[in-house]
Amino acid sequence: MNDTVELLQSCHRGTITAINSFEQVLDHAQSDKLRKRLEETLERHRALGKNVGEALRDHGTEAADPNLMARASVWLTTEMRMLMDSDNRDHQVAKLTINGCNMGIQTLSEDINRLPHADGKAADLAASLITEEQKLMDDLRLYL
């Protein structure tokens, strides 16, 4: 697999994981402002995911979905943490989301550095995802 396709696949896994996580925590958000911010981010991730899918098809490949066990683990962890802090759900939603954003930023940053021959479009998509995640983290600090 070449660097471009590998970076695009990483972007795809990241957007799918983020979308699934946002959809899950939206049900737990109490604040309308927090819910609105998560919904906005969800839509931007869907749009970025669509762009990533198109770029993968342009390179003659399809997007590979994240590992089912990894998805199940994320879901279970989120539900357990929400149960443990049910009195302050916005705090827990923010904390879980910030942790997820941080993991996504780390993974994509490592992949950008590890895949130096990826084309500009793939690198731009990865950078857009990192920027989106960083902005969300900054906004969610208010709920910690």
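**Exercise 1: one residue of α2**

R37 is found in helix α2; decide whether R37 is buried or exposed, and list what it touches.

*Solution.* Before we start, note that this is a predicted model in which local features need pLDDT of at least 70 and side-chain atom pairs count only at pLDDT 80 or more, while totals for chains, interfaces and linings use all residues. Residues are numbered from 1 along each chain as its sequence is written, and side-chain values use heavy atoms, with hydrogens and water left out.

- Step 1: Recall the cut-offs: buried is under 20% relative accessible area, exposed is over 50%, and partly exposed lies in between (1.4 Å probe, protein chains only).
- Step 2: R37 has a relative accessible area of 13%, so R37 is buried.
- Step 3: Leaving out residues up to four places away in sequence, R37 touches R44, E132, K135, L136 and D139. Contact here means heavy atoms within 4.5 Å.

**Exercise 2: a second residue of α2**

Place E40 in its helix and say how far its C-alpha is from that of L136.

*Solution.*

- Step 1: Like R37, E40 is found in helix α2.
- Step 2: The relative accessibility of E40 is 31%, so E40 counts as partly exposed.
- Step 3: E40 and L136 are 96 residues apart in sequence, and their C-alpha atoms are 10.0 Å apart in space.

**Exercise 3: α2 against α5**

Describe how α2 packs with helix α5, and sort the contact residues by class.

*Solution.*

- Step 1: Two packed helices are described by the angle between their axes and the distance between the axes.
- Step 2: For α2 and α5 (residues 120–140), the axes come within 11 Å and cross at roughly 170°. (Axes are lines fitted to C-alpha atoms, for helices over the stretch in contact, and angles run from 0 to 180 degrees between N-to-C directions.)
- Step 3: That angle makes α2 roughly antiparallel to α5. (Under 35 degrees is roughly parallel, over 145 roughly antiparallel, 65 to 115 roughly perpendicular, and the rest oblique.)
- Step 4: From α2 the contact includes L34, R37, T41 and R44, and from α5 it includes E132, K135, L136 and D139.
- Step 5: By class, the contact of α2 with α5 has 8 nonpolar, 4 polar and 8 charged residues. (Ala, Val, Leu, Ile, Met, Phe, Trp, Tyr, Cys and Pro count as nonpolar, Asp, Glu, Lys and Arg as charged, and the others, Gly among them, as polar.)

**Exercise 4: α1 and its two partners**

Find the angle and axis distance for α1 with α2, and then for α1 with α4.

*Solution.*

- Step 1: Helix α1 (residues 3–26) and helix α2 (residues 32–58) pack at about 155°, and their axes are 9 Å apart.
- Step 2: α1 and α2 are therefore roughly antiparallel to each other.
- Step 3: The residues in the contact of α1 with α2 include V5, L8 and F22 of α1 and L38, L42 and L56 of α2. This contact divides into 13 nonpolar, 6 polar and 4 charged residues.
- Step 4: Turn to helix α4 (residues 89–114), which packs with α1 at an angle of about 175° with the axes 10 Å apart.
- Step 5: α1 is thus roughly antiparallel to α4.
- Step 6: Among the residues that meet here are E6, L7 and F22 in α1 and V93, L108 and R114 in α4. The contact of α1 with α4 has 7 nonpolar, 3 polar and 3 charged residues.

**Exercise 5: two residues with distant partners**

For V5 and then A118, find the location, the burial and the contacts.

*Solution.*

- Step 1: V5 lies in helix α1, and at 9% relative accessibility V5 counts as buried.
- Step 2: Leaving aside neighbours within four places in sequence, V5 is in contact with L56, H59 and T61. V5 and L56 are 51 residues apart in sequence, yet 6.6 Å apart from C-alpha to C-alpha.
- Step 3: A118 sits in the loop between α4 and α5, and A118 is buried, with a relative accessible area of 15%.
- Step 4: Not counting residues up to four places away in sequence, A118 touches D3, T4 and L7. The C-alpha atoms of A118 and T4 are separated by 3.9 Å, although the two are 114 residues apart along the chain.

**Exercise 6: the whole chain**

How many helices and strands does the protein chain have, and what share of its residues counts as buried?

*Solution.*

- Step 1: The protein chain has 5 helices and 0 strands. (Both are DSSP runs numbered from the N terminus: H or I of at least four residues for helices, E of at least two for strands.)
- Step 2: Of its 144 residues, 42% count as buried.
- Step 3: Among contacts between residues at least 6 apart in sequence, 79% join residues at least 24 apart.
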